[in-house]
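Explain how the two chains of this model are arranged and what holds the place where they meet.

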There are 2 protein chains.
Amino acid sequence: MTPGADLLRSAVLSEGRVEGSLLMVDGFLNHRVDPPLLRGVGEDLADRFRSEQPDLVLTAEASGIPPAIFSAAHLGVPLIYAKKYLGPGDRHVFSREVVSPTRGAEYRVEISRRVLGAGHRVLVVDDFLAGGRTAEALGEIAEEAACTVVGLGFAIEKQFTGGRDRLEAHGWRVESLVAVASLEGGQVSLAG
Amino acid sequence: MTPGADLLRSAVLSEGRVEGSLLMVDGFLNHRVDPPLLRGVGEDLADRFRSEQPDLVLTAEASGIPPAIFSAAHLGVPLIYAKKYLGPGDRHVFSREVVSPTRGAEYRVEISRRVLGAGHRVLVVDDFLAGGRTAEALGEIAEEAACTVVGLGFAIEKQFTGGRDRLEAHGWRVESLVAVASLEGGQVSLAG
């Protein structure tokens, strides 16, 4: 167990709330943010992939930015955050349509072709792995841009929503700091 | 001139592009992000307000998060990022409608009542001050939540769009690291 993972595990157990099928962590991770916790999370995720020599971190706005910017700072590489749009797209972007069960809506993940060059070794970082659709879109965009996906790192993984299978089917390595085995009965059960 | 402001000034002059009335800084500030630059920006803004003893940093997703999280980390205080929505709201949030000339659309800035308590000394941090409507919404939400706005800090200020006047009319202190005097003729002219 690493420091960021430790801090996160404690926070999930003490402050996480279950609302239906959702784990609410808006008190410390994705609305109100505790910077030392996020720094620990971002650095831990970076360290898990450091041997792969990533030279670019990729995430999606908005909740991916806090962990991902600390991963990028720790690795000494740039961060690109993809934008999410509901409206019409344009031809100067790499984009993917994403259906989000959490949001109950379809949206588009976009990265400007101007900022994403070819040949990078890309680490995808995000706060949550649930269905894995947003992360899959980011990985596919990276590959479309002729980059290599060295891995995908998540703060929290929900193990019962199929996201890991979806990503590993691409041959990508997946890591998470805290894995949630179940939210049944309104209780957070962590794996391991 | 402080280190973050220096770095930002150089980046704006060497990499900023003018598109109509917009200053595009998506290569280093708000799409592709250079972490050392953003760290410098966030820390400089924090230092300008440190004597006011802010105990909470407030920003709006998504482009405000990179500078604001480094401000919060530097001050040792939490960050709250407001969410932007197009759809219907609910009663568990503080919210304001914002008309964005940049986006050409109206959206809603929201902060959950659960994460924003009363009595905080709030520093608002954002990447851009243009019309000032988003920052005004954040300041008004903070005051509605019975917090004190100790100031508003921006990476880049467009001096010709009325934002500073709008915010100072509330009696709030406004700081920016780089002030753009004009974008006429497709040229970036900085103040000072």
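**Where the chains meet**

Strand S5 of chain A, residues 79-85, is joined by two bridges to S3(B), and the two strands run antiparallel. In this pairing, A:Ile80 stands opposite B:Arg32, a residue of S3(B). The model described here is predicted.

The strand pairing can be set beside the whole contact. Chain B gives 22 residues to the contact, and chain A gives 22 residues. On chain B, four elements each supply at least two residues of the side that touches chain A: strand S3 (32-33), helix H2 (35-49), helix H3 (65-75) and strand S5 (79-85). Of that side of chain B, H3(B) provides the largest share, with five residues. By residue class, the side of chain B that touches chain A comprises 14 nonpolar, three polar and five charged residues.

The next point is how the copies are related. A turn of 180 degrees, with a shift of 0.0 Å along the axis, lays chain B on chain A with an RMSD of 0.0 Å. This is the relation of a two-fold axis. Within chain B, the C-alpha nearest the axis belongs to B:Ala62 and lies 2.5 Å from it. Both copies use the same surface, since 100% of the contact residues of chain B recur in chain A.

In short, the chains are related by a two-fold axis, and the same surface serves both of them. The contact includes the antiparallel strands S5 of chain A and S3(B), while H3(B) contributes the largest share of the side of chain B that touches chain A.

Methods: Residues numbered from 1 in each chain as written. Chains lettered and ligands numbered in written order. Predicted model: local features only at pLDDT ≥ 70, side-chain atom pairs only at ≥ 80, totals over all residues. Least-squares fit on C-alpha atoms with pLDDT ≥ 70 in both. Contact = placed C-beta atoms within 7 Å. Nonpolar A, V, L, I, M, F, W, Y, C, P; charged D, E, K, R; others polar. Pairing = 2+ DSSP bridges.
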